[in-house]
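Open the model in your viewer and keep the selection box at hand. The stops below run from one spot to the next.

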Amino acid sequence: MAGVAAMVPVRLVRFDGVQRAAHWATATLFAVVVLTAVPLTFGAVERVVGRHVLLAAVHLWAGVALPLPFLVALAGPWGRHLRRDVRRFNRWTDDELRWLWSLGRRGRAPDKFNPGQKLNAVFVGGAIAVLLGTGVVMRWFGLFPVDWRTGATFVHQVLAWAMVVVVAGHVVMALTHPTAMRSMLLGWVPGPWARRHAPAWADEEPALPAGATAGRTGMPPRRSGPTPRRSPTAASLPRRRARPPR
Amino acid sequence: MATAPVPDPARTVNVGRRVFLGMVGLGALGVAFGAAVQGKVGQALGSGVGSLLPGGDQFTIYSVSGSFPTVAPHAYRLHVTGLVDRPLTLTLADLQALPATRLVRTFQCVTGWRVPGVHWEGARLRDVLDAAGVQPAGRALLFESFDRVDTESLTLAQARLDDVLVAYRMLDAPLTVEHGGPVRLYVAPMFGYKSLKWLSAIRVVETVVPGYWEENGYPVNGWLDGSTAPTVPPGS
């Protein structure tokens, strides 16, 4: 059966529309937060850019909004796919822990995300929570003792640097792994790719018919339903399908 | 019956939750004790190394106008006007001719960042005011900056404190333009925003006019001990 399935050029939905929208909204807000942080941190840039109060306000409100796309995507009936992935981020097998400690040399990581990816997701989530909390102390400083404000500034700056390093690594990994990056743009990965990189997930995830797009819900259209609408984006892609699966 | 634990492939650990809660916990500890730790680390490493650490011992430079006003020291003039007997126009040399006061204090921003052990030198604001002769109706001061945006205020009683300076040296060197040179205000007992940079004019007025940062939500009276009343807190 597996051999037959491998011959069929199927696609698996890695990220549905809700997840992609949440990801890119978060990425956009993160870019705003980082860009406004540059002059607020570096006097030499502030000297050229100025407008301190405006930049601080944009930084503040983009930062307050930063967790919202994820939380909105998570909360509603549309968040089933994302909630399942968050459970994957949370639950690790002993094998995955071994994989992480050996940096991939030992242990098996057949899940949808490897332990490095899971750790990245959890770190970004935790960092956003802490940056938001410390940012609130810095902005609404009147409610907190001065030592707390100093501690919050310290934590905010150290963690912001860590976050920039981690996100830069995330971007480098994306740019050097085009199939994975495409799944955050278009939603799907080829079946063979999934079987190679995430066999356990490839076995459980229902496949999309070849040529179908990863729709808003990310669920494969039912055969009995209306014919799936082919978007021009999907139509422009199938050149890749010509490559035989290895 | 003791047997070696058999690895169970189905066993899962909530690693994600632990990492997330661990980060939140560390963040909270950092807020509560970060100031103390930062101070110890800064002492241990010396301020030279400490200032290289992110979040450690460094000034955050603010520019509200979009450029730093550059005024050559020889062209610098400080105007003292308003409710005074003798309106003055002081040069840098005039200020340096007044008795100099040296202070070493921690520079503390209201939002949290601080720089310990900053050297300041300047004339007492009190001496400048006495040279101009404040009239009885004058109860407050309005400070203006060469950046044409920032303003500040003090009551006359606050302005007459020993550690309120018209500063022309900082960090053992002439004031640099990024720190507000050639001359800035230094109000040692208050948060940093009260120490207006690029001081261009002192106007003696009848009542306090809230300055730029006060209009943006900061307390008019920003005492370092957290009090916001106009009266000078005990011990200052």
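Start with two residues in chain B. Select Glu152(B) and Lys194(B): both are buried. Their side chains meet in a salt bridge, with N to O at 3.0 Å. Glu152(B) sits in strand E7 of chain B, while Lys194(B) sits in the loop between strand E10 (184–187) and E11 of chain B, so the pair ties together parts that are 42 residues apart in sequence.

Before moving on, colour by confidence. This is a predicted model. The predictor gives the complex an ipTM of 0.80 and a pTM of 0.77. Chain B has an average pLDDT of 87, and 87% of the residues score at least 70. Which helix of chain B has the lowest confidence? Select residues 15–50: helix H1 of chain B has a mean of 80. The highest value in chain B belongs to helix H3 (residues 125–132), at 97.

**Strands around E6 of chain B**

Stay with E7(B) and add its partner. Select residues 140–145, strand E6 of chain B. Is this strand mostly covered or mostly uncovered? Five of the six residues of E6(B) are buried, so count E6(B) as mostly covered. E6(B) pairs with strand E7 (residues 151–155) of chain B through five bridges, in the antiparallel sense. Within this pairing, Ala140(B) stands opposite Thr155(B). The two strands form a hairpin with five residues between them. Click Arg148(B) in the turn: its phi is positive, about 65 degrees.

Now add residues 199–205, strand E11 of chain B. E11(B) also pairs with E6(B), again in the antiparallel sense, over six bridges. Pick Phe143(B): its bridge partner in E11(B) is Ile202(B).

**A second buried acid in chain B**

Select Glu121(B) and Arg102(B). They form a salt bridge, with the closest N and O atoms 3.4 Å apart. Glu121(B) lies in strand E5 (residues 114–124) of chain B and Arg102(B) in strand E4 (residues 100–108) of chain B, so this pair joins parts 19 residues apart in sequence. Why does Glu121(B) count as buried? Its relative accessibility is 16%, and the limit is under 20%.

Zoom out to view all of chain B. The domain assignment gives domain 1 (16–54) and domain 2 (73–215). The C-alpha centres of these two domains of chain B lie 34 Å apart.

**Across to chain A**

Show both chains. The contact takes 42 residues from chain A and 47 residues from chain B. About 3600 Å² is buried between chain A and chain B, and carbon and sulfur atoms give 64% of that area. How many salt bridges does the rule find across this interface? One. To see a salt bridge between the chains, select Arg114(B) and Asp147(A), whose closest N and O atoms are 3.0 Å apart.

Next, select residues 94–101, helix H7 of chain A. Its buried residues are Asp94(A), Glu96(A), Trp99(A) and Leu100(A). What covers them includes strand E2 (91–93) and helix H8 (115–139) of chain A, together with strand E1 (12–14) of chain B. Step past the helix to Leu103(A), which follows H7(A) and has a positive phi, near 50 degrees.

Keep Glu96(A) selected and extend the selection. Asp85(A), Arg88(A), Glu96(A), Asp111(A), Lys112(A), Lys118(A) and Glu204(A) are linked in a network of salt bridges. Over all chains, the structure holds 20 salt bridges.

**A long-range pair and a small sheet**

Select Glu205(A) and Arg84(A). Their side chains meet in a salt bridge of 3.8 Å, N to O. Glu205(A) is in the loop between helix H12 (199–204) and E4 of chain A, and Arg84(A) is in helix H6 (residues 80–90) of chain A, so the pair links distant parts of the chain, 121 residues apart. Glu205(A) is buried, at a relative accessible area of 8%. Arg84(A), at 27% relative accessibility, counts as partly exposed.

Finish at the sheet of chain A. This open sheet has three strands in the order E3-E1-E4, with antiparallel pairing. Strand E3 (188–190) and strand E4 (207–208) of chain A are the edges, each pairing on one side only. Select residues 11–13, strand E1 of chain A: three bridges join E1(A) to E3(A). Last click: Leu12(A), whose bridge partner in E3(A) is Val189(A).

Technical notes
Residues numbered from 1 in each chain as written. Chains lettered and ligands numbered in written order. Heavy atoms only, no water. pLDDT = per-residue confidence, 0-100. Helix = DSSP H or I, 4+ residues; strand = E, 2+ residues; numbered from the N terminus. Pairing = 2+ DSSP bridges. Domains from an automatic or database assignment. Buried < 20%, exposed > 50% of the residue type's maximum accessible area, 1.4 Å probe, protein only. Salt bridge = Lys/Arg side-chain N within 4 Å of Asp/Glu carboxyl O. Contact = heavy atoms within 4.5 Å. Buried area = accessible area lost by both parts, 1.4 Å probe.
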